[in-house]
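Reader: I've got this one open on my screen and I'd like a close look at one spot in it. Could you walk me through that spot and then show me how the rest fits around it?

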Amino acid sequence: MLEQPTVKCPSCQSDIQAADESGLVNVLQAHLYDEHALEMPRERVRENVSAQLKEFDGYNARPISGA
Ligand SMILES: [Zn+2]
C-alpha cells in the first residue's frame with residue numbers, strides 16, 4: 001500500500017496531501033494562493049515540498065531500533 005505523502009503548509013501548518021511530489025507542489029501552491037493570497041514561485045514551492053519530504057523519508061528510512 002502506498003502512503004500518501006504529506007507536507008505542512010508553511011503559513012498555517014495545515015496538512016497538504018497528494019499522490020506524489022509534483023501533486024504536492026500543485027496542491028500547496030494552490031493552497032497558498034487560495035488561502036493566503038500568496039503567489040509563491042513554483043520553484044520555491046517545490047523546494048519547500050522536497051525539503052519536507054526529505055525529513056519524512058529520513059524518518060521512515062531509519063527504523064527505530066531499540067536493541
Ligand atoms: Zn496554509
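Is Asp20 buried or exposed, and why?

Author: Sure, and keep in mind that this is a predicted model. Asp20 is exposed, because just 12 other C-beta atoms sit within 10 Å, and a residue counts as exposed at 12 or fewer. As for where you'll find Asp20, look in the loop between strand E2 (15-17) and H1. Thr6 is 14 residues from Asp20 in sequence, and the two are 9.1 Å apart in space, going C-alpha to C-alpha.

Now step back to the whole chain. It has 2 helices and 2 strands, and from the N terminus on they run β-β-α-α. The helix that borders Asp20's loop is H1, and H1 (residues 21-36) is where confidence is highest, at a mean pLDDT of 97, while helix H2 (residues 42-61) has the lowest, at 83. Over the protein chain the average is 87, with 79% of the residues scoring at least 70.

What about the inside? Buried residues make up 15% of the 67 residues. The largest nonpolar core has 8 residues: Val7, Ile16, Leu24, Val25, Leu28, Leu32, Val45 and Val49. H1 and H2 are the elements that give two or more residues to this core, and H1 supplies the largest share, 4 residues. Try clicking on Val7: leaving out residues up to four places away in sequence, Val7 touches Ile16, Leu24, Leu28, Val49, Gln52 and Leu53. Finally, among contacts in the chain with a separation of 6 or more, 27% join residues 24 or more positions apart.

Key
Residues numbered from 1 in each chain as written. Predicted model: local features only at pLDDT ≥ 70, side-chain atom pairs only at ≥ 80, totals over all residues. pLDDT = per-residue confidence, 0-100. Buried ≥ 20, exposed ≤ 12 C-beta atoms within 10 Å, placed from the backbone. Core = buried A, V, L, I, M, F, W, Y, C linked by C-beta atoms within 7 Å. Contact = placed C-beta atoms within 7 Å.
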